[in-house]
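Got a minute to look at some charged side chains? Let's go through how they earn their labels.

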Amino acid sequence: MTTPAYLVSGKGASLSLNSASHGAGRAMSRTKAKQNMTASSLKKILNNAGVTLIGGSVEESPMAYKDIERVIAAQKDLIEVQGKFLPKIVRMNRD
């Protein structure tokens, strides 16, 4: 919700089945995220980042995901970065 998003194109690496990650991936389960984050702390994180959240819950907290910069760096042989942007509005399904 608060970290950069990347637009990438694949390099066609056959050893990786012409594939790459489509996101950072979860660092903690939805249950663990619910146990470790409060709605008020999520709101504070989003406000500090200048992000408006429409829907969503603490299970999608930024802390529940792996570091996207490390994920992108680990795929340097698989992808070319075409663009990078910071979210300002995030639309999620309501619980």
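Q: What makes Lys 34 partly exposed?
A: Buried means under 20% relative accessible area, exposed means over 50%, and partly exposed is in between (1.4 Å probe, protein chains only). Lys 34 comes out at 47% relative accessibility, so it counts as partly exposed. Keep in mind that this is a predicted model, where local features need pLDDT of at least 70, side-chain atom pairs count only at pLDDT 80 or more, and totals for chains, interfaces and linings use all residues. Residues are numbered from 1 along each chain as its sequence is written, and side-chain values use heavy atoms, with hydrogens and water left out.

Q: Why is the contact between Glu 59 and Lys 34 called a salt bridge?
A: The rule asks for a side-chain nitrogen of Lys or Arg within 4 Å of a carboxyl oxygen of Asp or Glu. For Glu 59 and Lys 34, the N to O distance is 3.2 Å, so the pair fits. Salt bridges that share partners join Arg 26, Arg 30, Lys 34, Glu 59 and Glu 60 into one network.

Q: How do you know that Glu 60 and Arg 30 form a salt bridge?
A: Their closest N and O atoms are 2.3 Å apart, so they pass the within 4 Å test.

Q: Why is Glu 60 called buried?
A: Glu 60 has 13% relative accessibility, so it counts as buried.

Q: What makes Arg 30 partly exposed?
A: Arg 30 has 39% relative accessibility, so it lands in between the two cut-offs.
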